[in-house]
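This explanation leads the reader through one molecular structure by way of its ring contacts, its internal space, its backbone and its helices. Please keep the sequence and the coordinates at hand while reading.

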Amino acid sequence: MQKIGHRGAKGYVAENTIASIEKAIQLGVDAVEIDVHVCKTGEIVVIHDSTINRTTKGQGKVRELTLSELQLVTVRGGHNIATLEEVLIFCENKCTIHIELKGKGTALKVANIVTKYVKQTKWTYKSLLVSSFKRSKLNKVKQINPSINTGIIVSKKAFKALIQAVDDKCSAIYIAFNKVKTSIVAYASSKNIQVYVWTVNKPKNITKMKSLSVNGIISDFPDLL
């Protein structure tokens, strides 16, 4: 079972920052989950929301701010917004990365970045997974490079999403932990699809997920895994 840090180690350090990812690695994760958007100048930046309002001391939409402008903004805790490429450089040979596509235009750019890093560095397709709530984004990734592993994210109707994952040749499904059932895990396993559950922070829920033999647990507190 993979121990996966949610947005790094969100429970301890500001989410989606290099520092948070470093903390997760120090806590012994197998992987980290991060979120990405495209900024005004076209770079892929690691941030969850479509705006910088919640997580930084600044204001504005990510897609309307240049990379230079975003780099001037301080994330709460004194950290900086990182690019996906900075995260890939930092994490090489340290952990697997689950990259969630958020904003418009992320599918094309992330697919190209993943392809580039697998070709030019020690990253492999097995260690870089691309996920999204939207099938259209994942299908776009597959059109660009069928070798990239993709996973659909769902918060309800998990079995329906699992059928879609099979049809779309996804390698994984990310399910809200309160929607996971033994039958879903068993069916996914029969189709060679990995089941990852989110976001599991309470020990009793972590124990339950382990009993269901899921492939990975995503948590704000990865040391509890």
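K94 lies over the face of F90, with a distance of 3.9 Å to the ring centre. The model in which this contact appears is a predicted one. A second lysine is placed in a comparable manner by the criterion that NZ of Lys must be within 6 Å of the ring centre and within 35 degrees of the ring normal. That residue is K23, which lies over the face of Y12 at 5.8 Å from the ring centre.

Y12 also takes part in a contact between rings. The structure holds 4 aromatic pairs. In one of them, Y12 and F221 meet edge-to-face, at 5.3 Å centre to centre and with 85° between the planes. Y12 belongs to the loop between β1 (2-6) and α1 (18-26), whereas F221 belongs to the segment after β11 (216-219); the pair therefore ties together parts that are 209 residues apart in sequence. Neither ring needs to be sought in the interior: Y12 counts as partly exposed because its relative accessibility is 39%, and F221 likewise counts as partly exposed, at 27% relative accessibility.

Another of the aromatic pairs joins Y174 and Y196, and its geometry is tilted, with 5.1 Å centre to centre and 35° between the planes. This pair links distant parts of the chain, as Y174 is in strand β9 (residues 172-176) and Y196 is in strand β10 (residues 194-198), 22 residues apart. How accessible are these two tyrosines, buried or exposed? Y174 counts as buried because its relative accessibility is 2%, and Y196 is buried as well, with a relative accessible area of 3%.

The account now returns to the loop that holds Y12. V13 is found in the loop between β1 and α1, and at 17% relative accessibility it counts as buried. The cut-off that decides this is under 20% relative accessible area. The C-alpha atoms of V13 and T121 are separated by 28 Å, and the two residues are 108 positions apart along the chain. N16 lies in that loop between β1 and α1 too. Its relative accessible area of 3% makes N16 a buried residue.

N16 is of interest for its backbone as well. Which sign does phi of N16 take, positive or negative? The value is near 65°, which is positive although the residue is not glycine. Most residues other than glycine have a negative phi. K157 is a further non-glycine residue with a positive phi, here near 50°. K157 is placed in the loop between β8 (149-154) and α6 (158-167). In contrast to the buried N16, K157 is exposed, with a relative accessible area of 60%.

N16 leads on to the internal space of the model. The structure holds 1 cavity of 30 Å³ or more, and about 70 Å³ of space lies in the largest cavity. N16 is part of the lining, together with E15, T17, V46, I47, H48, T55, T56, V75, N80 and I81. By class, this lining has 4 nonpolar, 6 polar and 1 charged residues.

K157 leads on to helix α6, given that its loop runs between β8 and that helix. The residues A158, A161, L162 and A165 of α6 are buried. Around the axis they cover an arc of only 105°, which means that they are on the same side of α6. An α-helix has 3.6 residues a turn, so residues three or four places apart point the same way. The face of α6 turned away from the buried side carries the exposed residues K160 and D167. D167 has a relative accessible area of 53%, and so it is exposed. Between the C-alpha atoms of D167 and Y12 there is a separation of 38 Å, with their positions 155 residues apart along the chain.

Helix α5 (residues 135-144) may be read in a similar manner. Which residues of α5 are buried? They are K137, L138, V141 and K142. Seen down the axis of α5, these buried residues fall within an arc of 140°, so they line one face of the helix. On the other side of α5, S136 and Q143 are exposed.

Methods. Residues are numbered from 1 along each chain as its sequence is written. This is a predicted model: local features need pLDDT of at least 70, side-chain atom pairs count only at pLDDT 80 or more; totals for chains, interfaces and linings use all residues. Side-chain values use heavy atoms; hydrogens and water are left out. Rings of Phe, Tyr and Trp (its six-membered ring) pair if their centres lie within 6.5 Å; planes under 30 degrees apart count as stacked, over 60 as edge-to-face and the rest as tilted. Helices (H or I, at least four residues) and strands (E, at least two) are DSSP runs, numbered from the N terminus. Buried means under 20% relative accessible area, exposed over 50%, partly exposed in between (1.4 Å probe, protein chains only). On a 1 Å grid over the protein atoms alone, a cavity is a set of points where a 1.4 Å probe fits but cannot get out, and a pocket is an open set with protein on both sides within 12 Å along at least five of seven lines; lining residues have an atom within 4 Å of a point. Grid points are joined across faces, edges and corners, and a volume is the space filled by probe spheres set on the points. Ala, Val, Leu, Ile, Met, Phe, Trp, Tyr, Cys and Pro count as nonpolar, Asp, Glu, Lys and Arg as charged, and the others, Gly among them, as polar. The arc is that of the directions from the helix axis to the C-beta atoms.
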